[in-house]
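Visitor: Hi, I've got a structure to go through and I'm new to this. Can you walk me through it?

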Amino acid sequence: MTAMPSSHANNIVQNNAPLITHSFEGDMLSWHFFHEQSLQLLHATAQILPTLLLGTVLLVLSYLIAGPLSRLLIKPIDYMTDSKLVHLVARRSISTLIILLGVYLFLRLAGLTEFAVAIMSGTGLIGLILGFAFRDIAENFIASLLLSIQRPFKIDDVIEVDNRLGIVKKVTARATTLVDYDGNHIQIPNATVYKNTIKNLTANPKMRGKVEIGIGYDNDIRNAQTLALDIANQQSAVLSDPPAQVLIKNLGSSTINFTLFFWVNSEQHSPLKVGSQLMRELVNEFTKHNISMPDDARERIL
């Protein structure tokens, strides 16, 4: 086996030496760069840490005080309305605003000012988009709030809306529920209720009823009117103020028709039931006083 000349071996060692040196210098450079970046990161963290902690404290504090502070701020609403729906919406709205303020302050203190502005702007944009997407729901919800504030009717009132007559049983964020006199439940959207004419039949407890009856032409009209008025005034359910009235309505083919108007307290008595009682008393008294009540004349052709 032939031995390698010493000069050739020296050349190999000299050629490999620069590679080892470059590798060692590269490792040192990478470690130095990593060390500098770590120090910069620690320095930046140390600078932002106090404000970050302050932002975190403000965020947690805003979340904790949102409920009690909202209940305190809606106290003046108690003097304007006792609607639970208005109180709930106002309290949740104020709580949401307080929490959003905490989030905004946290992002600002964390150095994310542009992101904070984008979040707040995005909240308004999302609200606008949702408003268009759920326009009917939002419209009914706002109408429910306005109805709760203005209170054109209350539970158990008899109202007529959009040609529908019934007793108010429930008002939700979406619809008003009526129960008509046949026992049917009718749900009317709050926007429809608010936009239409509302006829409240029980807002004034004094309600007028009427009874129509006809007498023959051979009777004394004034005497019949006086007798009908006396019968009405004898009823305990009929109010004296406003007073009852008996007015001639028209002249029929065989009868003189008149109408007895009377007033009752609708919270205590039903006008329909009182009218039925008056009709029964009128027939009995007119028969007792020989006041005729003939049927309309009919002509039969054979």
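Guide: Sure! One term to start with: a residue is called buried when its relative accessible area is under 20%, and exposed when that area is over 50%. Also, keep in mind that this is a predicted model.

Visitor: Okay, let's try α6. Which exposed residues sit on the face turned away from its buried side?

Guide: Arg222 and Gln234 are the exposed residues carried by that face of α6.

Visitor: And which residues of α6 are buried?

Guide: Those are Ala224, Gln225, Leu227, Ala228, Ile231 and Ala232. They're on the same side of α6, because they cover an arc of only 165° around the axis.

Visitor: What do they pack against?

Guide: The buried residues of α6 pack against β6, β7, β8 and α7.

Visitor: What's going on at the start of α6?

Guide: There, Asp220 has a side-chain oxygen that comes within 3.2 Å of the backbone nitrogen of Arg222.

Visitor: New topic: aromatic rings. How many aromatic pairs are there?

Guide: The count is 1 aromatic pair. Phe258 and Phe286 form it, with 6.3 Å centre to centre and 55° between the planes, so it's tilted. Phe258 belongs to strand β8 and Phe286 to helix α7, 28 residues apart, so the pair links distant parts of the chain.

Visitor: Are those two buried or exposed?

Guide: Phe258 is buried, at 2% relative accessibility, and Phe286 is buried too, at 0%.

Visitor: Last one: what does Ser62 touch, apart from neighbours within four places in sequence?

Guide: Ser62, which lies in helix α1, is in contact with Ile98, Ile99 and Gly102. Ser62 is buried, with a relative accessible area of 7%.

Terms used: Residues are numbered from 1 along each chain as its sequence is written. This is a predicted model: local features need pLDDT of at least 70, side-chain atom pairs count only at pLDDT 80 or more; totals for chains, interfaces and linings use all residues. Side-chain values use heavy atoms; hydrogens and water are left out. Rings of Phe, Tyr and Trp (its six-membered ring) pair if their centres lie within 6.5 Å; planes under 30 degrees apart count as stacked, over 60 as edge-to-face and the rest as tilted. Helices (H or I, at least four residues) and strands (E, at least two) are DSSP runs, numbered from the N terminus. Buried means under 20% relative accessible area, exposed over 50%, partly exposed in between (1.4 Å probe, protein chains only). Contact means heavy atoms within 4.5 Å. The arc is that of the directions from the helix axis to the C-beta atoms. A polar contact is a pair of N or O atoms within 3.5 Å; within protein, one must be able to donate a hydrogen and the other to accept it, and residues adjacent in sequence count only if both atoms are side-chain atoms.
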